[in-house]
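Subject: A structure for you to look through

Hi,

Here is the structure I promised to pass on. Have a look at it in your viewer first, then read on.

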Amino acid sequence: MPAGNVSFVKDFVILGFPGLQPHYYGLVSAVLFLVYVFTIVGNAVFFASFVMTRSLQKPVYYCIINLVVCDVLFSTTTLPKIIGRYWFQDGTISFLGCFLQMFFVHYFGSVTACLLAVMAIDRYAAICFPLRYHSIMTNRNAFILILGSWLLGLIGPLMMIIRAYPLPYCASNSIVHCYCDHIAITTLACTDREEYSYPAFIHAMIVLLGSLAVIVFSYCTIIVAVLRISSAQGRLKTFSTCSPQLIIIALFFLPRCFNYLSSNINIKFSTDLRLVIIMMYSLLPPMINPLIYCLRTDEVKKVLIKKLKRKKIDIKSVKT
């Protein structure tokens, strides 16, 4: 193409689900808005309980509260724009804004993977070394691991931005996705994207599989330790302390690994189905996680029940 005829992209348009009929736009935007509201409210309740309850201020809950922050920030990064796309028919996002969104999408995803690995290490220390747990997982050590997760998560997204931002974008500006991510953006570049896609794929696998390797090792060791417990009740009680983390880990890792692998071994889905899968594993865990923390963690459940009973007593005393 002659240089004089090249027209470079100044902004992008997020299309969302390309096969969605316009008369469903209102319904989809309402559903996404409710997902966002439930995510914010649910995580805010847990955050408030953590701040106001001294018994929850311990290493495992420091990990969870960072996961809460990550979930809220991820949802706030992605949902408002796609809600606006269907609510106000406005999917335009600036060139810089799209790359910022891409950075935060991958950054919060990387941090979440690392935090889940830290949570697995915490359970490993608690179950395999119960007498030394409080000396191993001190607040200081938990802070170092959590800070390391936030810092380690920066490497990959920064690499993606540095490599993708200077590329020439002179073709279509329509992003067939619900938010800006690396694959969706670099597909629009007027150059061969293979040399850019493979490093990003390798980084994704290192983050996902590296964190998953730590988690699998931790829980395999935990299973061996639990099976040595003589009483069935003791085994069940010990396993129950791990169930919230295992549910969260499964919701996060399994669909992501499937999506990354399927896209690189040529398993074909329709575009709309692929986007539905991506949106489900991206947005449902931040909404569901607070329920898992509260309903599957006895300590949190007791705190919430205690607060609810106290509120009922206060309401009755006001009425009388």
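Below is what I found in it, going from helices to single residues.

One thing before you start: this is a predicted model, and all the values here are computed from it.

**How the helices pack**

A good place to begin is helix H2, residues 59–87. How do H1 and H2 run, parallel or antiparallel? Helix H1 covers residues 25–52, and H1 and H2 pack at an angle of about 160° with their axes 9 Å apart. Angles over 145 degrees count as roughly antiparallel, so H1 and H2 are roughly antiparallel to each other. The crossing of H1 and H2 is left-handed.

Now turn to helix H3, which spans residues 95–128. The axes of H2 and H3 come within 9 Å and cross at roughly 160°. By that cut-off of 145 degrees, H2 and H3 are therefore roughly antiparallel to each other. H2 passes H3 in a left-handed crossing.

Then there is helix H5, residues 139–152. H2 and H5 pack at about 25°, and their axes are 9 Å apart. Angles under 35 degrees count as roughly parallel, so that is what we call H2 and H5. Here H2 passes H5 in a right-handed crossing.

**A greasy bit of surface**

Next, look at the outside. Phe33, Leu34, Val37, Phe38, Val41, Val45, Trp87 and Phe88 form a nonpolar patch on the surface. Together they have about 760 Å² of accessible area. Which helix gives the most to this patch? That is helix H1, with 6 residues.

Try clicking on phenylalanine 33, which is part of the patch and lies in helix H1. Phenylalanine 33 has a relative accessible area of 36%. Partly exposed means between the 20% and 50% cut-offs, so phenylalanine 33 counts as partly exposed.

**Buried spots and distant partners**

Helix H1 also holds threonine 39. Is threonine 39 buried or exposed? Its relative accessibility is 0%, so threonine 39 counts as buried. Try finding asparagine 289 as well: threonine 39 and asparagine 289 are 250 residues apart along the chain, but their C-alpha atoms are separated by 8.8 Å.

Cysteine 178 sits in the loop between strand E3 (174–175) and helix H7 (182–186). With a relative accessible area of 1%, cysteine 178 is buried too. What distance separates cysteine 178 and glycine 16 in space? The answer is 4.3 Å, C-alpha to C-alpha, although they are 162 residues apart in sequence.

**The salt bridge**

How many salt bridges does a search of the whole structure find? It turns up 1. Side chains of opposite charge can pair when their charged atoms come close. In this model, the side chains of arginine 123 and aspartate 122 meet that way, at 2.9 Å from N to O. Arginine 123 and aspartate 122 are both buried.

**An unusual backbone angle**

Last, check glutamine 89. Most residues other than glycine have a negative phi. Glutamine 89 is not a glycine, yet it has a positive phi of about 55°. Where does glutamine 89 lie? Its place is in the loop between helix H2 and strand E2 (92–94). Over 50% counts as exposed, so glutamine 89, with a relative accessible area of 52%, is exposed.

That's the tour. Shout if you get lost in the viewer.

Cheers

Note on methods
Residues numbered from 1 in each chain as written. Predicted model: local features only at pLDDT ≥ 70, side-chain atom pairs only at ≥ 80, totals over all residues. Heavy atoms only, no water. Patch = residues over 30% accessible without salt bridge, like charges linked within 9 Å, V, L, I, M, F, W, Y side chains within 5 Å. Areas by Shrake-Rupley, 256 points an atom, 1.4 Å probe, with all protein chains shown as cover. Salt bridge = Lys/Arg side-chain N within 4 Å of Asp/Glu carboxyl O. Helix = DSSP H or I, 4+ residues; strand = E, 2+ residues; numbered from the N terminus. Buried < 20%, exposed > 50% of the residue type's maximum accessible area, 1.4 Å probe, protein only. Axes fitted to C-alpha atoms, helices over the stretch in contact; angles between N-to-C directions. Parallel < 35°, antiparallel > 145°, perpendicular 65-115°, else oblique. Left-handed = near helix turned anticlockwise from the far one by under 90°.
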